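These are my notes from a session with one structure. I set down what I looked up, topic by topic.

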Amino acid sequence: MLFTASDVAQQVVSGLSTGGVYASLALALVLIYRSTGVINFAQGEMATFTTFIAWSLMHHMSYWPAFLLTCLIAFGGGVALERTVIRPVENASVLTIVIVTLGLALVFNGASAWIWGAEVRSFKSPFSTRPIHVAGVAFSIQDLGIIAVSLVLVVLLGLLFRFTKLGLALRAAATNPAESRLVGIRVGWMLALGWGLAAVLGAVSGMMAAPLVFLDPNMMVAILLYAFAAAILGGLDSPIGAVVGGLTFGVALNLISAYWNFVGGTLKLPVGLTVILLVLLVRPQGLLGRRVVRRV
Amino acid sequence: MARLLELEDVHAQYGQVRVLHGVSLAVEEGQVVSVLGPNGAGKTTTLRAVSGVVKTSGSIVFDGRKVGRSPERAARLGVAHVPEGRGTFSELTVWENLRLGAYTVRHADFERALDHFPWLARRRNQAAGTLSGGEQQMLALARALMARPRLLLLDEPSLGLAPIVVGEIFEIVRKLNEDEGLTVLVVEQNANIALDNSEHAYVLEAGRVALHGTSTDLRKDESVRRSYLGY
């Protein structure tokens with residue numbers, strides 16, 4: 001086992017890149033959770049489905065046009081899904097909506113296998129896996145690329161939410177739906193846009209993950225679990241928390257599996273579950289979430 | 001004077017509970033009209049009916065157009081509703097609250113709000129939830145002005161506030177009415193201050209209009225004096 005500074009740096013960077021994938025998906029979960037109070041269990045399968053769409057598109061065009069087109073399709077699909085499937089149960093109990101999202105997960109999983117088959121496929125990466133050397137440390141270009149894509153995505157979303165009228169309306173609709181309607185915001189459409197944005201985040205995380213873990217209908221199952229862990233670690237109602245949680249979790253998981261032989265690759269999943277359990281026990285609101293105090 | 005708002009035989013219910021049993025009232029352009037009555041008489045529901053938060057039957061016409069179906073529509077047509085309990089976006093900043101107030105208009109006009117509430121500029125980056133009750137009520141009013149409304153619906157602006165703050169708030173409402181011709185429909189528990197600041201008033205009891213007239217006439221009415229003014 002190597003324990004040199006350069007090796008640690010390398011592991012951190014590669015952890016940040018998987019962390020970026022977790023962060024994008026965690027952010028998708030948080031977006032929907034904030035506006036509807038529900039975890040979208042279909043987020044991972046939706047991501048897989050859109051990644052398959054990207055895979056098909058890449059037979060007809062080069063990577064980046066296919067990437068953008070997939071994002072557009074994901075956005076439209078997310079909006080349509082909210083309007084048609086979620087809207088009818090909008091006012092139902094949380095349990096009902098959870099069951100609906102679980103059902104959606106099965107539907108998307110089945111649809112992916114039915115349309116594209118269950119075999120494992122390789123997925124093109126836009127970045128070369130060639131290492132570049134900086135100060136004696138070898139970083140893979142792919143890792144740096146994934147980090148960059150995740151960062152760009154997070155910054156774009158941040159700008160949207162912080163500086164645009166639409167972003168402000170999205171935030172208002174998520175926290176105060178009744179007051180939002182009084183100032184003229186179409187809250188129903190804001191929820192649908194939230195689903196669209198979440199679907200785009202999922203699609204990007206899927207397209208970034210696919211070159212690393214290969215594409216198959218169950219590709220995102222484990223990643224969704226890590227994203228849950230990341231979102232809970234950061235605080236389910238905090239978008240910044242989701243990003244911080246995702247990156248922290250990616251780095252931690254990478255370091256643990258690299259330097260603790262006992263965990264290795266096989267015990268990664270239980271580590272994720274342990275994080276969820278510990279955070280829920282010790283700090284249920286997560287690192288950056290708000291503690292909800294109910295006055296009776 | 002043109003009739004800006006007219007309710008005719010409006011019924012409303014929450015689930016199985018019927019709250020309004022045929023309320024009719026009218027607000028002329030440029031008037032301040034108050035709605036008085038005991039708890040549960042349907043005062044708040046009347047305002048909620050106008051902005052379409054609660055489902056109703058009967059006719060509600062604002063400026064010649066039917067309203068009362070959705071709050072989004074009412075807001076777009078120029079009805080600004082300041083709900084009970086302020087209804088500010090507590091997690092957002094003062095400035096974001098104002099920007100949201102202007103959601104339905106193309107250009108946000110902060111000048112007008114700041115004319116009446118200059119202190120808002122200094123507190124612009126503070127979360128609305130951390131303001132005092134009186135400040136939140138004023139922010140809610142300022143936010144309502146941002147949309148350049150033609151009709152302001154004010155629900156219990158005095159609720160839980162110190163008398164001096166209530167005085168300030170009604171002072172501003174009066175200025176808005178006198179200087180800028182803003183039409184106001186205000187619901188109040190505090191009959192004294194409501195009658196002082198309105199030209200016309202309705203008394204609701206158990207979901208019906210029990211009495212209405214000019215504020216001066218209602219002041220003289222024996223039953224109003226005993227039930228609502230307390231002398």
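The entries below cover confidence, one helix, the strands of chain B and the contact between the chains.

**Entry 1: confidence.** I noted at the outset that this is a predicted model. For chain A I looked up the pLDDT, which averages 90, with 96% of the residues scoring at least 70. I then asked which helices of chain A mark the extremes of confidence. The lowest confidence in chain A falls in helix α11 (residues 268-282), with a mean of 83, and the highest in helix α2 (residues 43-57), at 97.

**Entry 2: helix α2 of chain A.** I turned to the geometry of α2(A), which has 15 residues. From its first C-alpha to its last, α2(A) reaches 21 Å, close to the 21 Å expected at 1.5 Å a residue. I also checked whether α2(A) is mostly covered or exposed. I found it mostly covered, as 13 of the 15 residues in α2(A) are buried.

**Entry 3: strand β9 of chain B.** I looked up the surroundings of β9(B), residues 200-205, and found 5 of its 6 residues buried. I then traced its pairings. With strand β3 (residues 32-36) of chain B, β9(B) pairs in the parallel sense over 4 bridges. In that register I located Val35(B) opposite Tyr202(B) of β9(B). With strand β10 (residues 208-214) of chain B, β9(B) pairs in the antiparallel sense over 6 bridges. Here I recorded Val203(B) opposite Leu211(B) in β10(B). I noted further that β9(B) and β10(B) form a hairpin, with 2 residues between the strands. In its turn, Ala206(B) has a positive phi of about 45°.

**Entry 4: the hairpin of β1 and β2 in chain B.** I examined β1(B), residues 3-14, and β2(B), residues 17-28, which pair in the antiparallel sense over 9 bridges. I picked out Val10(B), whose bridge partner in β2(B) is Val23(B). These strands, β1(B) and β2(B), form a hairpin with 2 residues between them. I looked up the turn and found a positive phi of about 60° at Gly15(B).

**Entry 5: the contact between the chains.** I asked how many residues each chain gives to the contact. Chain B gives 17 residues and chain A gives 13. On the side of chain B that touches chain A, the elements giving two or more residues are α2 (71-77) and α3 (94-101) of chain B. I sorted the residues on that side of chain B by type and obtained 7 nonpolar, 5 polar and 5 charged.

Key:
Residues numbered from 1 in each chain as written. Chains lettered and ligands numbered in written order. Predicted model: local features only at pLDDT ≥ 70, side-chain atom pairs only at ≥ 80, totals over all residues. Contact = placed C-beta atoms within 7 Å. Nonpolar A, V, L, I, M, F, W, Y, C, P; charged D, E, K, R; others polar. pLDDT = per-residue confidence, 0-100. Expected span 1.5 Å × (residues − 1). Buried ≥ 20, exposed ≤ 12 C-beta atoms within 10 Å, placed from the backbone. Pairing = 2+ DSSP bridges.
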